[in-house]
Amino acid sequence: MRLALFSPPAWKAPSPHCAQWEAVVAGLAQGLEQEGISVHRFPAAVEEDEYSLSPPGSSREQGIKVGEYLAWSDAFEQAEGFDLIHTYGDFFPLSYLGLTTTPVVATIHDLCSPPSLPVYKRYNPRVYYVAVSEASRSSELRYLATIYPGVAVQAFPFHPEPADYLFFGYGIHPESGVEEAISIAREAGMKLRVMGTVEDRPYYEQVVRPHLDGGWVELIGEGNLDSWRQGVSRALAFLHPIRSGASMPLAVLEAMACGTPVIAFRQGVMSELIQEGVSGFLADTVAEAVQAISRIKTLAREQCREHVATRFSLQQMVERYLQVYRTVLEQNRREDHRPWGYYEVLSDKPDHKVKRIVVHPGQRLSLQRHHHRAEHWHVIRGKALVTRDKEQISLEAGESIDIPRGATHRVQNPGSEPLVFIEVQRGDYFGEDDIER
């Protein structure tokens, strides 16, 4: 199987929360390759200087978006060469679907924005949607499965004896829960470390900054993924006091993977992620969250970590997606796609048939002959090694060869790029059963 796997270029940025999703997709790609799947990532790589794709004077965010558009253009220009496309992007990539017949799986990792729902609904009959949690599902969409993000637990630091502080790791704005986290820490008499960027300056000045002088609230800044994991792994507990949204908070899974219990408001996906009394506690109010802190030392950090390894492992995610891929391919059998490549019929008339054939690098067609037709091959791109009876002929782009009726023949792609050639068939019958292998 040849799979095109797309994730937004922004996920390769240094931000911890972008990098968390990038780690999920990278882990999926690696796991699929270990299962024998040929995975092609889009974009293949994004370096910091690639954000300069944006016009002079524009923002870094605009540059990332330009990179995303170019990545999707690359993906769909090659779409017919894949058996399946899997996107972790948002609703934007769906607008390309009219350009290909290749089946598409779309993982919806965040459906918190009502304006985006009409886009997903529009492509409902065409796309196989995967939810990342039961809470994130919309009753108006057709889902093939719910697959939780997979976590490579062994990659996370673990400290059996925590330090004496609580940890909050989101941006600073009114919806992030930072105000509630400060209240919980203050009433529990605990220090609080806040790692996140200031996304709302007036809110920060009014709500957060007044608490920094006392010494019990420490603002660390955003940092990177490694510093985030080191900070949360040493914390007594991770606070997730957010009351709205059905998105998947990977920070919660990563905290528990470090062995750090989570105290969260009983909202959305939290009951799916947290096993109460094992990996954390759920609360309805700040007061209940404070009470949970008093019980946090009754939890075994090893069991918290094991909870993630058991229910949210990377291998489980890979196996579930393999099941989804098999189901989609079974429902979309394509005669024109083969292990060696694929073809497109350009003309099919009583006296001739014309195909555009693409052979993947290193692949070849079976040795065969035809009794009712002769063929003429013209190489458009790449290199071809043609077997014709006892001859071995190398062809470059712009060169051609005739295959007489009854001649034993095959074509091989010895190069590192796809071989593209036009096949013109002439004779009295052009059915696929006129092939003797």
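Here are some notes on three helix pairs, one pocket and one cavity in this predicted model.

1. Let's start with H6 and H7. Helix H6 covers residues 225-233 and helix H7 covers residues 250-257; the two pack at an angle of about 60 degrees, and their axes are 9 Å apart. Angles from 65 to 115 degrees would count as roughly perpendicular, and H6 and H7 are therefore oblique to each other. The crossing of H6 past H7 is right-handed.

2. Who does the touching there? On the H6 side the contact is made by Leu225, Trp228, Arg229 and Val232, and on the H7 side by Ala251, Glu254 and Ala255. Sorted by class, that contact of H6 with H7 has five nonpolar residues and two charged ones, with no polar residue.

3. H7 has another partner to look at, helix H10 (residues 301-311). The axes of H7 and H10 come within 7 Å and cross at roughly 125 degrees. Only angles over 145 degrees count as roughly antiparallel, so this pair too goes down as oblique. From H7, the residues involved are Leu253, Met256 and Ala257, and they meet Cys304, Arg305, His307 and Val308 of H10. The class split for H7 with H10 is five nonpolar, one polar and one charged.

4. If you're colouring H7 by partner, here is the list. Ala251, Glu254 and Ala255 of H7 go with the H6 contact, while Leu253, Met256 and Ala257 of H7 go with the H10 contact.

5. Next, H4 and H5. Helix H4 (residues 178-188) and helix H5 (residues 201-208) have axes 11 Å apart and pack at an angle of about 15 degrees. Anything under 35 degrees counts as roughly parallel, which makes H4 roughly parallel to H5. Their crossing is right-handed. Val178, Glu179 and Ile182 of H4 make the contact with Tyr203, Val207 and Val208 of H5. That gives five nonpolar residues, no polar ones and one charged.

6. Now the second largest pocket, with a volume of about 410 Å³. It is lined by 21 residues, and the closest to its centre are Glu77, Gln78, Gly81, Tyr342 and Val358. If you want to set up a grid box, those five names are where the centre lies closest.

7. Which elements give two or more residues to that pocket's lining? They are strand E2 (38-42), helix H2 (60-77), strand E14 (341-349) and strand E15 (352-359). E14 gives the most, with three residues. As for chemistry, the lining of this second largest pocket divides into nine nonpolar, seven charged and five polar residues.

8. Last, the enclosed space. The structure holds one cavity of 30 Å³ or more, and the largest cavity has about 30 Å³ of space in it. Its lining consists of Gly89, Asp90, Leu94, Ala106, Thr107, Ile108 and Tyr120. Strand E4 (residues 104-108) gives the most to this lining, with three residues. By class, the cavity lining has four nonpolar residues, two polar and one charged.

Notes: Residues are numbered from 1 along each chain as its sequence is written. This is a predicted model: local features need pLDDT of at least 70, side-chain atom pairs count only at pLDDT 80 or more; totals for chains, interfaces and linings use all residues. Side-chain values use heavy atoms; hydrogens and water are left out. Axes are lines fitted to C-alpha atoms, for helices over the stretch in contact, and angles run from 0 to 180 degrees between N-to-C directions. Helices (H or I, at least four residues) and strands (E, at least two) are DSSP runs, numbered from the N terminus. A crossing is left-handed if the near helix is turned anticlockwise from the far one by less than a right angle, and right-handed if clockwise. Contact means heavy atoms within 4.5 Å. Ala, Val, Leu, Ile, Met, Phe, Trp, Tyr, Cys and Pro count as nonpolar, Asp, Glu, Lys and Arg as charged, and the others, Gly among them, as polar. On a 1 Å grid over the protein atoms alone, a cavity is a set of points where a 1.4 Å probe fits but cannot get out, and a pocket is an open set with protein on both sides within 12 Å along at least five of seven lines; lining residues have an atom within 4 Å of a point. Grid points are joined across faces, edges and corners, and a volume is the space filled by probe spheres set on the points.
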